[in-house]
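User: I am new to this structure and would like to go through it with you step by step. Please show it to me before we begin.

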Amino acid sequence: MRLSISKEEILIRQQRFFEKIQQNELDCAILFSPIDIFYLTGFQFHPTERPIAFYIDPGQKTHLFVPYLEHEHAEDFASLINFVHSYPEYPGLKHPMEYFKEELVRAGFQGKKVGVDSLGYGSPSGYRGPTVDQLLDAQEFQSIKYIVPELRAVKSAAEIELINESCRWGNLAHRLLQKYSKPGLSELEITSRASTEATMAMIETLGADYKPHGETAFALFRGQIGEMSAYPHAVTQNAVLKTGDTLVTASGGSVWGYKSELERTMFVQEVSKEQTTYFQYMYEAQEVAFQHIKPGKPTSYVEEAVQKYFTENKITHLTRHHTGHAIGLLFHESPFFDLGDHTIMEPGMVFTVEPGIYVQGVGGFRHSDTILVTEDGMEMLTYYPRDLESMICY
(Lines give C-alpha, C1' and ligand atoms only; values in the text may rest on other atoms or scores of the structure.)
Protein backbone atom coordinates (compact mmCIF):
# COMPACT_ATOMS: atom_id res chain seq x y z
CA MET A 1 0.00 0.00 0.00
CA ARG A 2 1.00 3.64 -0.42
CA LEU A 3 1.96 5.16 2.93
CA SER A 4 1.32 8.79 1.99
CA ILE A 5 -1.10 11.04 0.16
CA SER A 6 -0.10 11.58 -3.47
CA LYS A 7 0.79 14.96 -4.95
CA GLU A 8 -2.15 14.53 -7.31
CA GLU A 9 -4.57 14.27 -4.40
CA ILE A 10 -3.04 17.30 -2.68
CA LEU A 11 -3.50 19.31 -5.89
CA ILE A 12 -7.18 18.29 -5.96
CA ARG A 13 -7.49 19.51 -2.35
CA GLN A 14 -6.02 22.88 -3.28
CA GLN A 15 -8.43 23.17 -6.20
CA ARG A 16 -11.42 22.32 -4.01
CA PHE A 17 -10.27 24.89 -1.47
CA PHE A 18 -10.01 27.60 -4.11
CA GLU A 19 -13.47 26.69 -5.44
CA LYS A 20 -14.84 27.21 -1.92
CA ILE A 21 -13.10 30.58 -1.78
CA GLN A 22 -14.76 31.57 -5.06
CA GLN A 23 -18.15 30.37 -3.85
CA ASN A 24 -17.77 32.76 -0.93
CA GLU A 25 -17.03 35.55 -3.45
CA LEU A 26 -13.52 36.02 -2.10
CA ASP A 27 -10.47 36.93 -4.15
CA CYS A 28 -7.78 35.30 -2.04
CA ALA A 29 -7.18 33.54 1.28
CA ILE A 30 -4.73 33.18 4.17
CA LEU A 31 -4.43 30.18 6.52
CA PHE A 32 -2.41 29.96 9.73
CA SER A 33 -3.66 26.55 10.99
CA PRO A 34 -0.75 24.05 10.92
CA ILE A 35 -3.02 21.04 10.35
CA ASP A 36 -4.87 22.72 7.49
CA ILE A 37 -1.59 23.81 5.91
CA PHE A 38 -0.39 20.20 6.09
CA TYR A 39 -3.66 18.99 4.52
CA LEU A 40 -3.30 21.39 1.57
CA THR A 41 0.46 21.14 1.01
CA GLY A 42 1.92 18.00 2.58
CA PHE A 43 4.31 20.24 4.55
CA GLN A 44 4.43 19.05 8.16
CA PHE A 45 6.21 21.34 10.60
CA HIS A 46 6.54 22.22 14.27
CA PRO A 47 4.64 25.45 14.98
CA THR A 48 6.65 27.67 17.32
CA GLU A 49 6.92 31.39 18.03
CA ARG A 50 7.89 31.87 14.37
CA PRO A 51 4.81 32.59 12.22
CA ILE A 52 4.01 30.34 9.26
CA ALA A 53 1.20 30.91 6.76
CA PHE A 54 -0.22 29.46 3.57
CA TYR A 55 -1.99 31.75 1.14
CA ILE A 56 -3.59 31.72 -2.30
CA ASP A 57 -3.37 34.96 -4.24
CA PRO A 58 -5.99 36.42 -6.62
CA GLY A 59 -4.25 34.70 -9.54
CA GLN A 60 -4.70 31.29 -7.83
CA LYS A 61 -0.97 30.95 -7.13
CA THR A 62 -0.06 29.21 -3.86
CA HIS A 63 2.47 30.53 -1.36
CA LEU A 64 4.11 29.46 1.89
CA PHE A 65 5.49 32.09 4.26
CA VAL A 66 8.01 30.54 6.65
CA PRO A 67 10.95 31.45 8.90
CA TYR A 68 14.33 31.16 7.21
CA LEU A 69 15.16 28.05 9.22
CA GLU A 70 12.23 26.27 7.49
CA HIS A 71 12.90 27.54 3.94
CA GLU A 72 14.65 24.48 2.49
CA HIS A 73 12.36 22.21 4.50
CA ALA A 74 9.29 23.81 2.89
CA GLU A 75 10.77 23.73 -0.61
CA ASP A 76 11.68 20.05 -0.29
CA PHE A 77 8.47 18.76 1.29
CA ALA A 78 5.60 21.06 0.30
CA SER A 79 3.80 19.62 -2.70
CA LEU A 80 2.87 21.82 -5.65
CA ILE A 81 3.47 25.19 -4.00
CA ASN A 82 4.30 27.96 -6.45
CA PHE A 83 6.35 30.16 -4.10
CA VAL A 84 8.12 29.81 -0.75
CA HIS A 85 8.98 33.06 1.04
CA SER A 86 11.05 33.34 4.22
CA TYR A 87 12.09 35.94 6.77
CA PRO A 88 14.94 36.35 9.30
CA GLU A 89 14.71 35.04 12.85
CA TYR A 90 11.84 36.11 15.12
CA PRO A 91 11.56 38.59 16.76
CA GLY A 92 14.49 40.18 14.91
CA LEU A 93 14.95 43.85 14.15
CA LYS A 94 11.99 43.81 11.76
CA HIS A 95 8.91 41.87 12.80
CA PRO A 96 8.01 38.87 10.58
CA MET A 97 4.55 40.31 9.96
CA GLU A 98 6.15 43.32 8.29
CA TYR A 99 7.79 40.94 5.84
CA PHE A 100 4.44 39.18 5.50
CA LYS A 101 2.74 42.47 4.65
CA GLU A 102 5.25 43.09 1.88
CA GLU A 103 4.63 39.66 0.36
CA LEU A 104 0.84 40.04 0.54
CA VAL A 105 0.97 43.47 -1.11
CA ARG A 106 3.27 42.08 -3.82
CA ALA A 107 0.78 39.23 -4.38
CA GLY A 108 -2.11 41.66 -4.92
CA PHE A 109 -4.03 41.40 -1.63
CA GLN A 110 -4.57 45.15 -1.18
CA GLY A 111 -8.16 46.22 -1.81
CA LYS A 112 -9.35 42.62 -2.22
CA LYS A 113 -11.87 40.42 -0.42
CA VAL A 114 -9.69 38.24 1.77
CA GLY A 115 -10.65 35.00 3.49
CA VAL A 116 -8.79 34.19 6.73
CA ASP A 117 -8.98 31.28 9.14
CA SER A 118 -7.71 33.70 11.79
CA LEU A 119 -6.85 37.37 11.77
CA GLY A 120 -3.38 36.57 13.04
CA TYR A 121 -0.86 33.92 13.85
CA GLY A 122 -1.27 32.42 17.31
CA SER A 123 1.16 30.41 19.38
CA PRO A 124 1.63 29.45 23.04
CA SER A 125 5.39 29.71 22.48
CA GLY A 126 5.68 33.42 23.17
CA TYR A 127 4.66 34.95 19.83
CA ARG A 128 3.34 38.50 19.80
CA GLY A 129 2.46 40.47 16.70
CA PRO A 130 -0.09 42.42 14.66
CA THR A 131 -3.11 40.94 12.92
CA VAL A 132 -3.53 40.96 9.14
CA ASP A 133 -6.29 43.55 9.26
CA GLN A 134 -3.69 45.90 10.74
CA LEU A 135 -1.36 45.14 7.85
CA LEU A 136 -3.62 45.24 4.81
CA ASP A 137 -6.04 47.77 3.41
CA ALA A 138 -8.46 45.09 2.20
CA GLN A 139 -11.99 45.54 0.91
CA GLU A 140 -13.19 42.83 3.28
CA PHE A 141 -11.93 40.18 5.70
CA GLN A 142 -14.16 37.12 5.94
CA SER A 143 -13.73 34.14 8.25
CA ILE A 144 -13.12 30.87 6.42
CA LYS A 145 -12.16 29.00 9.58
CA TYR A 146 -14.39 26.03 8.83
CA ILE A 147 -13.74 25.51 5.12
CA VAL A 148 -10.75 23.17 5.35
CA PRO A 149 -12.11 21.21 8.36
CA GLU A 150 -15.29 20.62 6.32
CA LEU A 151 -13.20 19.45 3.35
CA ARG A 152 -11.36 17.09 5.70
CA ALA A 153 -14.59 15.58 7.03
CA VAL A 154 -15.20 13.17 4.12
CA LYS A 155 -12.15 10.99 3.61
CA SER A 156 -10.80 9.76 0.28
CA ALA A 157 -10.00 6.11 -0.39
CA ALA A 158 -6.31 6.86 0.24
CA GLU A 159 -7.06 8.53 3.58
CA ILE A 160 -9.24 5.61 4.67
CA GLU A 161 -6.47 3.15 3.87
CA LEU A 162 -4.01 5.16 5.99
CA ILE A 163 -6.52 5.14 8.86
CA ASN A 164 -6.95 1.39 8.39
CA GLU A 165 -3.19 0.98 8.66
CA SER A 166 -3.23 3.03 11.84
CA CYS A 167 -5.90 0.70 13.24
CA ARG A 168 -3.72 -2.34 12.61
CA TRP A 169 -0.85 -0.95 14.67
CA GLY A 170 -3.12 0.34 17.41
CA ASN A 171 -4.49 -3.19 17.62
CA LEU A 172 -1.01 -4.68 18.10
CA ALA A 173 -0.02 -2.08 20.69
CA HIS A 174 -3.21 -2.73 22.63
CA ARG A 175 -2.69 -6.49 22.49
CA LEU A 176 0.73 -6.00 24.05
CA LEU A 177 -0.67 -3.59 26.64
CA GLN A 178 -3.20 -6.17 27.76
CA LYS A 179 -0.54 -8.89 27.80
CA TYR A 180 1.69 -6.86 30.15
CA SER A 181 -1.09 -5.53 32.42
CA LYS A 182 -0.46 -7.46 35.61
CA PRO A 183 -0.65 -6.66 39.33
CA GLY A 184 2.45 -5.04 40.78
CA LEU A 185 3.58 -3.34 37.56
CA SER A 186 3.45 0.43 37.06
CA GLU A 187 1.52 2.00 34.23
CA LEU A 188 4.68 3.63 32.81
CA GLU A 189 6.49 0.30 32.72
CA ILE A 190 3.57 -1.38 30.96
CA THR A 191 2.84 1.37 28.46
CA SER A 192 6.50 1.97 27.58
CA ARG A 193 7.09 -1.71 26.89
CA ALA A 194 3.92 -2.17 24.80
CA SER A 195 4.41 1.04 22.82
CA THR A 196 8.09 0.39 22.09
CA GLU A 197 7.55 -3.19 20.95
CA ALA A 198 4.64 -2.21 18.71
CA THR A 199 6.60 0.68 17.23
CA MET A 200 9.59 -1.54 16.45
CA ALA A 201 7.32 -4.02 14.69
CA MET A 202 5.72 -1.16 12.78
CA ILE A 203 9.10 0.18 11.60
CA GLU A 204 10.34 -3.25 10.55
CA THR A 205 7.14 -4.11 8.70
CA LEU A 206 6.41 -0.83 6.91
CA GLY A 207 10.01 0.00 6.08
CA ALA A 208 11.65 3.20 4.93
CA ASP A 209 8.52 4.61 3.28
CA TYR A 210 6.78 4.90 6.66
CA LYS A 211 6.47 8.47 7.91
CA PRO A 212 4.40 8.88 11.09
CA HIS A 213 3.91 12.68 10.96
CA GLY A 214 2.58 12.18 14.47
CA GLU A 215 2.71 9.46 17.12
CA THR A 216 4.23 6.07 16.38
CA ALA A 217 2.36 3.01 17.70
CA PHE A 218 1.29 3.51 21.31
CA ALA A 219 -0.93 2.06 24.01
CA LEU A 220 -1.53 3.69 27.36
CA PHE A 221 -3.89 4.27 30.29
CA ARG A 222 -3.63 8.08 30.68
CA GLY A 223 -3.88 7.54 34.42
CA GLN A 224 -7.30 5.82 34.13
CA ILE A 225 -6.47 3.04 36.56
CA GLY A 226 -8.67 1.87 39.43
CA GLU A 227 -10.79 4.65 40.91
CA MET A 228 -8.92 7.19 38.76
CA SER A 229 -10.58 5.67 35.69
CA ALA A 230 -13.76 7.50 36.75
CA TYR A 231 -12.14 10.71 35.48
CA PRO A 232 -12.78 10.71 31.69
CA HIS A 233 -9.56 12.59 30.94
CA ALA A 234 -7.28 11.70 33.81
CA VAL A 235 -3.53 12.18 33.43
CA THR A 236 -0.76 9.69 34.05
CA GLN A 237 -0.14 9.04 37.75
CA ASN A 238 2.41 6.22 37.40
CA ALA A 239 0.00 4.05 39.35
CA VAL A 240 0.77 0.44 40.18
CA LEU A 241 -1.85 -2.04 39.00
CA LYS A 242 -3.61 -4.19 41.55
CA THR A 243 -6.07 -7.06 41.31
CA GLY A 244 -9.61 -5.90 40.57
CA ASP A 245 -8.63 -2.54 39.07
CA THR A 246 -10.75 -1.10 36.30
CA LEU A 247 -8.53 0.05 33.42
CA VAL A 248 -9.50 2.41 30.60
CA THR A 249 -7.02 2.31 27.75
CA ALA A 250 -6.16 4.08 24.50
CA SER A 251 -4.06 2.99 21.55
CA GLY A 252 -3.29 3.97 17.98
CA GLY A 253 -0.46 5.09 15.74
CA SER A 254 -0.16 7.80 13.10
CA VAL A 255 0.48 6.91 9.46
CA TRP A 256 1.39 10.04 7.45
CA GLY A 257 -0.52 11.99 10.08
CA TYR A 258 -3.70 9.89 9.95
CA LYS A 259 -4.92 8.55 13.26
CA SER A 260 -7.29 5.99 14.70
CA GLU A 261 -8.65 5.44 18.18
CA LEU A 262 -9.02 2.16 20.00
CA GLU A 263 -10.04 2.28 23.66
CA ARG A 264 -11.13 -0.53 25.94
CA THR A 265 -12.34 -1.05 29.50
CA MET A 266 -10.34 -3.88 31.06
CA PHE A 267 -10.05 -5.49 34.50
CA VAL A 268 -7.02 -6.84 36.31
CA GLN A 269 -7.51 -10.59 36.88
CA GLU A 270 -11.05 -10.39 38.24
CA VAL A 271 -14.23 -8.40 37.78
CA SER A 272 -16.93 -7.75 40.38
CA LYS A 273 -20.68 -7.90 39.91
CA GLU A 274 -20.85 -4.10 40.13
CA GLN A 275 -18.15 -3.66 37.49
CA THR A 276 -19.94 -6.17 35.27
CA THR A 277 -23.21 -4.23 35.52
CA TYR A 278 -21.68 -0.93 34.46
CA PHE A 279 -19.60 -2.59 31.75
CA GLN A 280 -22.78 -4.05 30.25
CA TYR A 281 -24.48 -0.64 30.23
CA MET A 282 -21.52 0.83 28.36
CA TYR A 283 -21.37 -2.08 25.93
CA GLU A 284 -25.07 -1.81 25.10
CA ALA A 285 -24.87 1.98 24.70
CA GLN A 286 -22.13 1.53 22.12
CA GLU A 287 -24.27 -1.05 20.30
CA VAL A 288 -27.14 1.47 20.20
CA ALA A 289 -24.81 4.02 18.64
CA PHE A 290 -23.60 1.56 16.00
CA GLN A 291 -27.19 0.79 15.01
CA HIS A 292 -28.01 4.45 14.41
CA ILE A 293 -25.04 5.43 12.25
CA LYS A 294 -26.57 5.87 8.81
CA PRO A 295 -25.77 8.17 5.89
CA GLY A 296 -28.35 10.89 5.41
CA LYS A 297 -29.08 11.15 9.13
CA PRO A 298 -27.75 14.00 11.31
CA THR A 299 -24.98 13.19 13.75
CA SER A 300 -27.35 14.27 16.55
CA TYR A 301 -29.53 11.28 15.63
CA VAL A 302 -26.88 8.96 17.10
CA GLU A 303 -26.56 10.93 20.32
CA GLU A 304 -30.34 11.12 20.74
CA ALA A 305 -30.56 7.32 20.59
CA VAL A 306 -27.74 6.85 23.12
CA GLN A 307 -29.22 9.45 25.48
CA LYS A 308 -32.59 7.68 25.26
CA TYR A 309 -30.88 4.43 26.30
CA PHE A 310 -29.22 6.17 29.26
CA THR A 311 -32.53 7.72 30.32
CA GLU A 312 -34.42 4.43 30.10
CA ASN A 313 -31.80 2.79 32.30
CA LYS A 314 -31.67 5.73 34.73
CA ILE A 315 -27.91 6.25 34.35
CA THR A 316 -27.75 9.65 32.64
CA HIS A 317 -26.18 11.09 35.80
CA LEU A 318 -23.22 8.76 35.28
CA THR A 319 -22.37 10.15 31.82
CA ARG A 320 -19.98 13.00 31.10
CA HIS A 321 -19.55 13.49 27.35
CA HIS A 322 -20.96 13.02 23.87
CA THR A 323 -20.91 9.70 22.04
CA GLY A 324 -18.06 10.41 19.66
CA HIS A 325 -16.23 12.64 17.22
CA ALA A 326 -14.71 12.61 13.78
CA ILE A 327 -11.07 11.60 13.51
CA GLY A 328 -8.39 11.92 10.84
CA LEU A 329 -5.36 14.21 10.95
CA LEU A 330 -6.43 15.15 14.47
CA PHE A 331 -7.69 12.84 17.21
CA HIS A 332 -10.69 15.14 17.68
CA GLU A 333 -12.23 16.63 14.56
CA SER A 334 -15.71 17.85 13.67
CA PRO A 335 -18.46 16.81 13.31
CA PHE A 336 -19.52 15.26 16.61
CA PHE A 337 -22.11 12.77 17.82
CA ASP A 338 -23.73 15.40 19.99
CA LEU A 339 -27.24 16.77 20.50
CA GLY A 340 -26.12 20.16 19.21
CA ASP A 341 -24.44 18.94 16.01
CA HIS A 342 -26.80 18.33 13.09
CA THR A 343 -24.22 17.63 10.38
CA ILE A 344 -25.56 15.08 7.92
CA MET A 345 -23.56 11.86 7.92
CA GLU A 346 -22.01 11.01 4.56
CA PRO A 347 -20.19 7.95 3.23
CA GLY A 348 -16.47 8.46 3.81
CA MET A 349 -16.79 10.14 7.20
CA VAL A 350 -14.74 8.49 9.94
CA PHE A 351 -15.80 8.69 13.59
CA THR A 352 -15.02 7.32 17.01
CA VAL A 353 -17.90 5.75 18.93
CA GLU A 354 -17.27 6.01 22.67
CA PRO A 355 -20.22 6.49 25.03
CA GLY A 356 -18.87 6.39 28.57
CA ILE A 357 -20.12 5.75 32.08
CA TYR A 358 -18.21 7.07 35.10
CA VAL A 359 -18.85 5.88 38.65
CA GLN A 360 -16.91 7.56 41.44
CA GLY A 361 -15.25 5.01 43.69
CA VAL A 362 -15.67 2.23 41.12
CA GLY A 363 -14.20 3.40 37.83
CA GLY A 364 -14.83 4.43 34.25
CA PHE A 365 -16.34 2.29 31.52
CA ARG A 366 -15.59 3.28 27.93
CA HIS A 367 -14.84 1.43 24.74
CA SER A 368 -13.92 3.51 21.70
CA ASP A 369 -13.95 2.17 18.16
CA THR A 370 -13.09 3.89 14.91
CA ILE A 371 -15.80 3.44 12.27
CA LEU A 372 -16.39 4.43 8.65
CA VAL A 373 -19.77 5.66 7.42
CA THR A 374 -20.70 3.62 4.32
CA GLU A 375 -23.43 3.80 1.70
CA ASP A 376 -25.81 1.74 3.83
CA GLY A 377 -24.57 2.09 7.40
CA MET A 378 -21.12 1.76 8.93
CA GLU A 379 -18.00 -0.39 8.84
CA MET A 380 -15.94 -1.10 11.94
CA LEU A 381 -12.30 -0.22 11.29
CA THR A 382 -10.93 -1.20 14.71
CA TYR A 383 -11.33 -4.89 15.45
CA TYR A 384 -10.14 -5.58 19.00
CA PRO A 385 -12.50 -7.80 21.06
CA ARG A 386 -15.22 -5.94 22.97
CA ASP A 387 -16.82 -8.64 25.16
CA LEU A 388 -16.32 -8.79 28.92
CA GLU A 389 -14.43 -12.09 29.09
CA SER A 390 -11.86 -10.84 26.58
CA MET A 391 -11.30 -7.73 28.69
CA ILE A 392 -9.97 -9.50 31.78
CA CYS A 393 -6.17 -9.29 32.07
CA TYR A 394 -4.83 -12.58 33.38
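Analyst: Contact here means heavy atoms within 4.5 Å. The model is predicted, so to speak of local features requires pLDDT of at least 70, side-chain atom pairs count only at pLDDT 80 or more, and totals for chains, interfaces and linings use all residues. Residues are numbered from 1 along each chain as its sequence is written, and side-chain values use heavy atoms, with hydrogens and water left out.

User: Which residue is in contact with Phe17, Ala29 and Ile81, among others?

Analyst: Neighbours within four places in sequence are left aside here. The partners include Phe17, Ala29, Leu40, His63 and Ile81, and the residue they share is Phe54.

User: Which helix gives the most to the largest nonpolar core?

Analyst: A nonpolar core is a set of buried (under 20% relative accessible area, 1.4 Å probe, protein chains only) Ala, Val, Leu, Ile, Met, Phe, Trp, Tyr and Cys residues joined through side-chain atoms within 4.5 Å. The largest has 92 residues, and Phe54 is among those with the most contacts inside it. With 9 residues, the helix (a DSSP run of H or I, at least four residues) that gives the most is α6, residues 157-180.

User: What distance separates the end C-alpha atoms of helix α8?

Analyst: Helix α8 covers residues 273-291, and its buried residues include Tyr278, Phe279 and Met282. The expected span is 1.5 Å times one less than the number of residues, so the 19 residues of α8 should span 27 Å, and this agrees with the distance between its end C-alpha atoms, 27 Å.

How values were computed:
Buried < 20%, exposed > 50% of the residue type's maximum accessible area, 1.4 Å probe, protein only. Helix = DSSP H or I, 4+ residues; strand = E, 2+ residues; numbered from the N terminus.
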